[in-house]
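Trainee: I would like to learn how to read a model of this kind with care. Could we go through it feature by feature?

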Amino acid sequence: EDFSYHILLDPGLDHDLVCIPTMIIQPYVENAIKHGLMHKSGSKVLTLTFTKIEDRMVRIEIRDNGVGRIRSREINQHRREHHRSFAMKANRQRVDILRIEDPSINLSYKDLYDTVGNPCGTLVQITLPINPKPYESDSH
C-alpha cells in the first residue's frame, strides 16, 4: 500500500520507432524494488523515464527513493558474503556486447543523497540509439 510507480514518456519520443533490447530494463527495476525499496519504511516510489536525446538516442532512467546501494549491501551482507547478482552481471555483459555494435550505448549508476548527505535512492541510466528494427541479439 505504500508503493507507487510512474512511467514518464517524452512527448517528442515516437514509441513506434524505439526498440529496446529484451530484458534490458527489467533487472534494474527488480533490483530497485528488491534491494532499495523493500528495506525502506514509508513511501516507496519507483519512476521510469524515457527521454529523447538529440534525434537518435533515448535515455531510460530507473529512479527509486530507496535506501541506496551502500545501505542495501550492508543489509544483505549477512546473506551471502560475496554474492553478486547474476542478472546484473549478465545485463552488464549484454550491454558490453551491444556496445560493440554501437559504442554510443551507455549504462551508468548514481547514488542519490538528500541535502544533508543521507542516501535517498539510486538512479540507473541506460542510453540507447533509437532503432527502428530489433537488435540482432533479440531476433533469435
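**Reading the features**

Mentor: Let us begin with a single residue: at 24% relative accessibility, R99 counts as partly exposed. Please keep in mind throughout that this is a predicted model.

Trainee: With which residue does R99 form a salt bridge, and how far apart are the closest N and O atoms?

Mentor: The partner of R99 is D96, and the closest N and O atoms of the two are 3.3 Å apart. Because D96 and R99 are 3 residues apart in helix α3, they are separated by about one helical turn. D96 is partly exposed as well, with a relative accessible area of 35%.

Trainee: How many salt bridges does a search of the whole structure find?

Mentor: The search finds 3 salt bridges. One of them joins D2 to K44, with the closest N and O atoms 2.8 Å apart. This pair links distant parts of the chain, since D2 sits in the segment before β1 and K44 in strand β2, 42 residues apart. To read the surroundings of such a pair, one takes each residue in turn: K44, at 12% relative accessibility, falls under the 20% limit and therefore counts as buried, whereas D2, at 34%, counts as partly exposed.

Trainee: Which side chain meets D102 in a salt bridge?

Mentor: The side chain of R56 meets D102, at 4.0 Å from N to O. Here too the pair links distant parts of the chain: D102 belongs to the loop between α3 (86-101) and β4, R56 to the loop between β2 and β3, and their positions lie 46 residues apart in the sense that they are 46 residues apart. D102 is buried, with a relative accessible area of 17%, while R56 is partly exposed at 43%. D102 can also be placed relative to L128, a residue of strand β5: their C-alpha atoms are separated by 8.8 Å, although the two are 26 residues apart along the chain.

Trainee: Is L128 buried or exposed?

Mentor: L128 counts as buried, because its relative accessibility is 1%.

Trainee: How should I read the sheet, and in what order do its strands lie?

Mentor: One reads a sheet by following which strand pairs with which, and here the open sheet of 5 strands has the order β1-β2-β3-β5-β4, with mixed pairing. The edge strands are β1 and β4 (106-113), each of which pairs on one side only. Neighbouring strands are turned by 15° against each other on average, direction ignored. Within the sheet, β1 and β2 (residues 44-53) pair in the parallel sense over 7 bridges, and F3 stands opposite K44 in β2, the same K44 that forms a salt bridge with D2. Helix α1 lies across β1, β2, β3 (57-64), β4 and β5 (119-129), and runs at about 150° to β2.

Trainee: Which residues make the nonpolar surface patch?

Mentor: The patch, of about 520 Å², is made by F3, Y5, I7, L9 and I33, and its largest share, 4 residues, comes from β1. I7, whose place is in strand β1, counts as exposed because its relative accessibility is 52%.

Trainee: What pattern does the chain follow along the sequence?

Mentor: The pattern is β-α-β-β-α-α-β-β, which corresponds to 3 helices and 5 strands in the chain. Of the 140 residues, 36% count as buried.

Definitions and conventions
Residues numbered from 1 in each chain as written. Predicted model: local features only at pLDDT ≥ 70, side-chain atom pairs only at ≥ 80, totals over all residues. Heavy atoms only, no water. Patch = residues over 30% accessible without salt bridge, like charges linked within 9 Å, V, L, I, M, F, W, Y side chains within 5 Å. Areas by Shrake-Rupley, 256 points an atom, 1.4 Å probe, with all protein chains shown as cover. Helix = DSSP H or I, 4+ residues; strand = E, 2+ residues; numbered from the N terminus. Buried < 20%, exposed > 50% of the residue type's maximum accessible area, 1.4 Å probe, protein only. Pairing = 2+ DSSP bridges. Axes fitted to C-alpha atoms, helices over the stretch in contact; angles between N-to-C directions. Contact = heavy atoms within 4.5 Å.
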